[in-house]
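Subject: Structure handover

Hi,

Here is the structure I promised to pass on. Have a look at it first, and then read on for what turned up.

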Amino acid sequence: THVFNPRWPPHAKFHNGQTMSMGLCLGVGSLYYTLRPTPAPTIDSLRFAAILGSMYWVTTLSAILYPEAKGMDPEFGEGFPQKWGAVAMTGLTWLSYWLEVRRLKL
């Protein structure tokens, strides 16, 4: 995998890690909807939308955990500027889910 390629810059490894995490998350989501015992369309549809809507942001947060991954290329400094945007978007996704479940009284 490119994550272990020493010629790849840290930010490239970050995005490679993000992609691998996204594949894992989508696989888990697919298994859930394949193996679930009793679908309840309305609440399940909302939950599925929230899961899919937050997957990109969750994988953005986990990408920093891969070996030598960094949130920025060295010429732009240090840090992980994506962190707070990803946390905010994940939170907004689940807040929206909660508000809609309450509105529909599910």
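A residue counts as buried under 20% relative accessible area and as exposed over 50%, with partly exposed in between. Please keep in mind throughout that this is a predicted model.

With those limits, I64 is a good place to begin. Its relative accessibility is 27%, so I64 counts as partly exposed. I64 sits in the loop between α2 and α3. Which residues does I64 touch, leaving aside its neighbours within four places in sequence? They are F14, A69, K70, G71 and F80. I64 is also 9.9 Å from Q82, C-alpha to C-alpha, with the two positions 18 residues apart in sequence.

Two of those contacts of I64, F14 and F80, lead on to the aromatic pairs. There are three aromatic pairs in total. In the pair of F14 and F80, the ring centres are 5.7 Å apart and the planes are at 70°, so this pair is edge-to-face. The angle puts it there because planes over 60 degrees apart count as edge-to-face. F14 belongs to helix α1 (residues 10–35), while F80 is in the loop between α2 (41–62) and α3 (82–104), so the pair ties together parts that are 66 residues apart in sequence. Are F14 and F80 buried or exposed? Both are buried.

Another pair is made by W94 and Y97, whose ring centres are 5.2 Å apart and whose planes are at 70°, so this one is edge-to-face too. Here the partners are three residues apart within helix α3, about one turn of the helix. Their surroundings can be read from the accessibilities: W94, at 32%, counts as partly exposed, and Y97, at 16%, counts as buried.

Now to the salt bridges, of which the whole structure has four. I will go through three of them here.

- K13 and E68 meet through their side chains at 3.2 Å, N to O. This pair links distant parts of the chain, with K13 in helix α1 and E68 in the loop between α2 and α3, 55 residues apart. K13 counts as buried at 2% relative accessibility, whereas E68 counts as exposed at 58%.
- K70 and E78 meet at 3.7 Å, N to O. K70 is partly exposed at 34% relative accessibility, and E78 is exposed at 62%. K70 is also one of the residues in contact with I64.
- R103 and E100 form a salt bridge whose closest N and O atoms are 2.7 Å apart. The two are three residues apart in helix α3, so about one helical turn separates them. R103 is exposed at 56%, and E100 is partly exposed at 24%.

That brings us to helix α3 itself. Why does its length agree with what is expected of a helix? At 1.5 Å a residue, its 23 residues should span 33 Å, and the end C-alpha atoms are 33 Å apart, which agrees. After α3 comes K105, whose phi is positive, near 55°.

The residues of α3 differ in how they are covered. A86, T90, T93, Y97 and V101 are buried. An α-helix has 3.6 residues a turn, so residues three or four places apart point the same way. For T90 in particular, the relative accessibility is 16%, so T90 counts as buried. Leaving aside neighbours within four places in sequence, T90 is in contact with S54, W57 and V58.

There is also a nonpolar surface patch of about 470 Å², made by M89, L92, L95, W98 and L99. One of its members, M89, lies in helix α3 and counts as partly exposed at 35% relative accessibility.

If you want somewhere to start in the viewer, try the loop between α2 and α3: there you will find I64, as well as F80 of the F14 pair and E68 of the K13 salt bridge. From there you can move on to α3, with its buried residues, including T90 and Y97.

Happy browsing, and do write back with any questions.

Best wishes

Technical notes:
Residues are numbered from 1 along each chain as its sequence is written. This is a predicted model: local features need pLDDT of at least 70, side-chain atom pairs count only at pLDDT 80 or more; totals for chains, interfaces and linings use all residues. Side-chain values use heavy atoms; hydrogens and water are left out. Rings of Phe, Tyr and Trp (its six-membered ring) pair if their centres lie within 6.5 Å; planes under 30 degrees apart count as stacked, over 60 as edge-to-face and the rest as tilted. Helices (H or I, at least four residues) and strands (E, at least two) are DSSP runs, numbered from the N terminus. Buried means under 20% relative accessible area, exposed over 50%, partly exposed in between (1.4 Å probe, protein chains only). Patches are made of residues with over 30% relative accessible area and no salt bridge: like charges are joined within 9 Å, nonpolar side chains (Val, Leu, Ile, Met, Phe, Trp, Tyr) within 5 Å. Accessible areas come from the Shrake-Rupley method with a 1.4 Å probe; for residues, only the protein chains shown count as cover. The expected span of a helix is 1.5 Å times one less than its number of residues. Contact means heavy atoms within 4.5 Å.
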